[in-house]
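Thanks for coming, everyone. Please take a look at the structure on the screen, and I will walk you through it.

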Amino acid sequence: MAKIGIIIGSLRKGSFNRKVAETILPMFKGDLEADIIEIADLEMYNQDLDDESTPTQAWTNFREKVKTYDGIVFVTPEYNRSIPAVIKNAIDVGSRPYGANVWDGKPAAVITASTGAIGGFGSNHILRQSLVFVNMPTLQQPEAYLGHIDSSITEDGKIDQRTSDYLQGIVDSYIKFFKQLTK
């Protein structure tokens, strides 16, 4: 059974991106299982702690957890035309110390959701730059930008069917990509 981790770039309780992540969780079936990797408790990365062999317990737990996953899907908003600090911090914590990059070679996908019209375009591409550096092959097509995500929420707080169908296509493409890379 292959494991896919989903990392959410928003800490907000009512996060639209968390709703997207919860929508795609059951889309991983058969020989794949997915769950959310929480990043809220990760202290900001400080290389001195790794240099002194005193990483925080949250960093150690996170690094060990990420090692158990075969692929990663990032679901994130855009903050000021960039990625949220929490998602960049998670990437930094997982890529260190030098030579112990837990992201190395794990197939990735990026889904961005925003209340704005361009659906987190800037965040999507900036995140991809970091993923190149940590050696995560990333799904290129289809690209996943969910603009006006607030209009895709039903009265019961779920993602609507049209958007769920779109997300199923993204997940299906990622699964195909993942399996090609992990044969």
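I will go from the sheet to the helices, then to the cores, and end with a few backbone details. Keep in mind that this is a predicted model.

Start with the sheet. It is open, and it has five strands. The order is S2-S1-S3-S4-S5, and the pairing is parallel. Which strands stand at the edges? They are S2, residues 32–37, and S5, residues 144–146. Each has a single partner strand, so one side of each is left without a neighbour in the sheet. From one strand to the next, the twist averages 20 degrees.

Now go to strand S3, residues 71–76. On one side, five bridges join S3 to S1, residues 2–8, and the two run parallel. Two pairs to find here: glycine 5 stands opposite isoleucine 72, and isoleucine 8 has valine 75 as its bridge partner. S3 is also joined to S4 by five bridges, again in parallel. There, valine 73 stands opposite alanine 109.

How many residues of S3 are buried? Six of the six, so S3 is largely enclosed by the rest of the structure. In a regular strand, side chains alternate between the two faces of the sheet. Both faces of S3 are covered. Gly71, Val73 and Val75 are buried on one side, and Ile72, Phe74 and Thr76 on the other.

Next, the helices on the sheet. H1, residues 16–24, lies across S1, S2, S3, S4 and S5. H1 runs at about 145 degrees to S3. Helix H6, residues 161–181, packs on the sheet too, touching S1, S2, S3, S4 and S5. The direction of H6 makes about 160 degrees with that of S5.

How do these two helices meet? Two packed helices are described by the angle between their axes and the distance between the axes. Here, the axes of H1 and H6 come within 10 Å and cross at roughly 65 degrees. The crossing is right-handed. H1 brings Val20, Thr23 and Ile24 to the contact, and H6 brings Ser164, Leu167 and Val171. By class, that contact has four nonpolar residues, two polar and no charged ones.

On to the cores. In soluble globular proteins, nonpolar side chains tend to be buried together. The largest nonpolar core in this model has 29 residues. Those with the most contacts inside it are Ile6, Val20, Ile24, Phe28, Val73, Ile111 and Tyr174. S1, H1, S2, S3, S4, S5 and H6 each supply at least two residues. Which element gives the most to this core? H6, with seven residues.

Take isoleucine 111 as a case. Its contacts include Val20 and Ile24, both in H1. Val73 is on the list too, as are Ala144, Leu146, Leu167 and Ile170. That leaves out residues up to four places away in sequence.

There is a second, separate core of 24 residues. It includes Ile39, Ile72, Val102 and Val110. Let's stay with isoleucine 39. It is placed in the loop between S2 and H2. Is isoleucine 39 buried or exposed? Buried, with a relative accessible area of 4%. Isoleucine 39 touches Ile7, Ile8, Phe62, Val86, Ile87 and Ala90, again not counting residues up to four places away in sequence.

Two of those partners, Ile87 and Ala90, are in helix H4, residues 85–95. Both are buried, along with Asn89, Ile91, Val93, Gly94 and Ser95. What covers the buried residues of H4? The cover includes S1, H3, S3 and H5.

Last, the backbone details. Which peptide bonds should you look at? The bond from arginine 96 to proline 97 is cis, with omega near -5 degrees. Proline 97 sits in the loop between H4 and S4. The bond from glutamine 141 to proline 142 is also cis, with omega near 0 degrees. Proline 142 is in the loop between H5 and S5.

The loop between H5 and S5 also holds asparagine 135. Asparagine 135 has a positive phi of about 65 degrees, although it is not a glycine. It is partly exposed, at 43% relative accessible area. Histidine 148, in the loop between S5 and H6, has a positive phi of about 50 degrees and is not a glycine either. At 41% relative accessibility, histidine 148 counts as partly exposed.

That's the tour. Over to you.

Methods
Residues are numbered from 1 along each chain as its sequence is written. This is a predicted model: local features need pLDDT of at least 70, side-chain atom pairs count only at pLDDT 80 or more; totals for chains, interfaces and linings use all residues. Side-chain values use heavy atoms; hydrogens and water are left out. Two strands pair if DSSP finds at least two bridges between them. Helices (H or I, at least four residues) and strands (E, at least two) are DSSP runs, numbered from the N terminus. Axes are lines fitted to C-alpha atoms, for helices over the stretch in contact, and angles run from 0 to 180 degrees between N-to-C directions. Contact means heavy atoms within 4.5 Å. A crossing is left-handed if the near helix is turned anticlockwise from the far one by less than a right angle, and right-handed if clockwise. Ala, Val, Leu, Ile, Met, Phe, Trp, Tyr, Cys and Pro count as nonpolar, Asp, Glu, Lys and Arg as charged, and the others, Gly among them, as polar. Buried means under 20% relative accessible area, exposed over 50%, partly exposed in between (1.4 Å probe, protein chains only). A nonpolar core is a set of buried Ala, Val, Leu, Ile, Met, Phe, Trp, Tyr and Cys residues joined through side-chain atoms within 4.5 Å.
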